[in-house]
Amino acid sequence: MERIARSDAATHSIRRVQNWNILPGVIAGATRRSLAAPRHVRSALLKSIWIELKRFGAPNVRNIQLTDIDGIGDVRVEGPVLRHCPLVLCGLGALLDCRTIFEFGTNRGDTAWLLAHNLPRARVYTLDLAGPEAVQSAELELTDADEYFRIWDRGARFRDTAEANRITQVFGDSATFDFSPYAGVMDLVYVDASHSYSYVRSDTEAAFTMLSAAGTIVWDDYTHYPGIYSYLNELASALDRPIFHIVGTRLAFYSRRDLVRGHAGFRADNRALEGLSRD
Ligand SMILES: C[S@@+](CC[C@H](N)C(=O)[O-])C[C@H]1O[C@@H](n2cnc3c(N)ncnc32)[C@H](O)[C@@H]1O
């Protein structure tokens with residue numbers, strides 16, 4: 001009884017808290033932590049600030065919210081909660097009903113599997129270097145040597161799974177690979193191999209040759225690698241359609257479909273999408 005009486009009283013006492021009320025505590029805490037916290041914690045803070053600045057200052061890539069993508073709210077995808085960006089990628093693929101997908105950079109095959117799993121009518125082609133020896137002879141500037149070239153388990157995630165028969169692994173250096181068999185047929189191209197300016201430029205040029213009339217290119221790590229950020233901001237001013245960055249993710253995309261509300265080319269009744277949709 002006593003407990004109920006107390007909680008009743010609490011319900012009736014209103015305490016309004018505004019941002020300026022918490023400001024002194026936040027400043028004091030940030031100052032204390034920036035002096036006492038280990039170096040990697042400070043670096044993480046600076047990195048977040050730098051990412052926000054890059055986003056805010058992007059000269060040509062346009063920032064949008066995920067909710068600006070028409071219809072995305074109705075899309076359901078399944079996968080590990082920690083892999084937020086690949087889930088958003090799958091959401092885009094599902095929204096666009098993509099049937100042919102090309103991924104630059106297989107690695108373990110996590111995203112290739114996720115795409116095949118969430119898009120049961122899609123075929124996924126995924127390209128990676130042929131083996132550790134190919135690293136030495138790469139045509140352009142490779143990145144992330146410590147992270148990706150120590151263990152070689154390309155495609156391990158989807159091997160022997162139900163999705164494996166819809167995933168085709170192809171091998172080669174993306175700078176010299178022959179993309180001509182895929183010319184003009186890919187509904188979705190996902191660029192996520194080497195993150196240097198030179199490779200992203202080369203991979204993007206190849207992506208455009210493979211793109212279907214209603215195709216979409218998604219780049220991972222736009223916010224995290226200066227080469228990708230720099231190249232996409234240059235490219236955006238030269239394209240027929242915008243490159244959008246989805247705030248809250250690392251992703252940027254270009255689409256031949258009118259997806260984004262409030263941007264040039266978007267048709268509110270989405271006739272563009274209907275005209276292109278398949279059975
Ligand atoms: C970021 S990981 C890919 C992760 C994968 N897309 C995923 O989401 O699960 C990058 C991969 O690209 C591959 N890669 C790097 N440079 C490449 C190149 N020039 N040609 C082909 N693959 C490359 C690396 O071997 C590595 O496996």
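Student: Which residues lie nearest the centre of the largest pocket?

Tutor: Keep in mind that this is a predicted model. The largest pocket has 38 residues lining it. Those that lie nearest its centre are Asn107, Tyr148, Asp192, Ala193 and His195.

Student: And which element gives the most to the lining of that pocket?

Tutor: Several elements give two or more residues to the lining, among them β2 (100-104), β3 (123-128) and α8 (197-210). Another of these is the helix that covers residues 84-95. With 3 residues, the one that gives the most is α4.

Student: How many of the lining residues are charged?

Tutor: Let's split the lining of the largest pocket by class. There are 13 nonpolar residues and 11 polar ones. The charged residues number 14.

Student: What volume does the largest pocket have, and what is the space taken by the ligand?

Tutor: The volume comes to about 700 Å³. As for the ligand, the space it takes is the largest pocket.

Student: Which residues are closest to the ligand?

Tutor: In total, 22 residues surround the ligand. By class, that shell holds 7 nonpolar, 8 polar and 7 charged residues. The closest are Glu103, Gly105, Thr111, Asp128 and Asp192.

Student: Which side chain has an N or O atom 2.8 Å from a nitrogen atom of the ligand?

Tutor: Let's sort the contacts by ligand atom. For asparagine 107, a polar side-chain atom lies 3.1 Å from an oxygen atom of the ligand. Arginine 154 also has a side-chain N or O atom facing a ligand oxygen, at 2.8 Å. The contact with a ligand nitrogen belongs to aspartate 192.

Student: How much of the ligand's accessible area does the protein cover?

Tutor: Start with the ligand on its own, where it has 600 Å² of accessible area. Of that area, the protein covers 96%.

Technical notes
Residues numbered from 1 in each chain as written. Predicted model: local features only at pLDDT ≥ 70, side-chain atom pairs only at ≥ 80, totals over all residues. Heavy atoms only, no water. 1 Å grid on protein atoms, 1.4 Å probe; cavity = no way out; pocket = protein on both sides within 12 Å on 5 of 7 lines; lining within 4 Å. Points joined across faces, edges and corners; volume = space filled by probe spheres on them. Helix = DSSP H or I, 4+ residues; strand = E, 2+ residues; numbered from the N terminus. Nonpolar A, V, L, I, M, F, W, Y, C, P; charged D, E, K, R; others polar. Near = heavy atom within 4 Å. Polar contact = N/O pair within 3.5 Å; in protein donor to acceptor, adjacent residues only side chain to side chain. Areas by Shrake-Rupley, 256 points an atom, 1.4 Å probe, with all protein chains shown as cover. Sits in = over half its atoms within 2 Å of the grid points.
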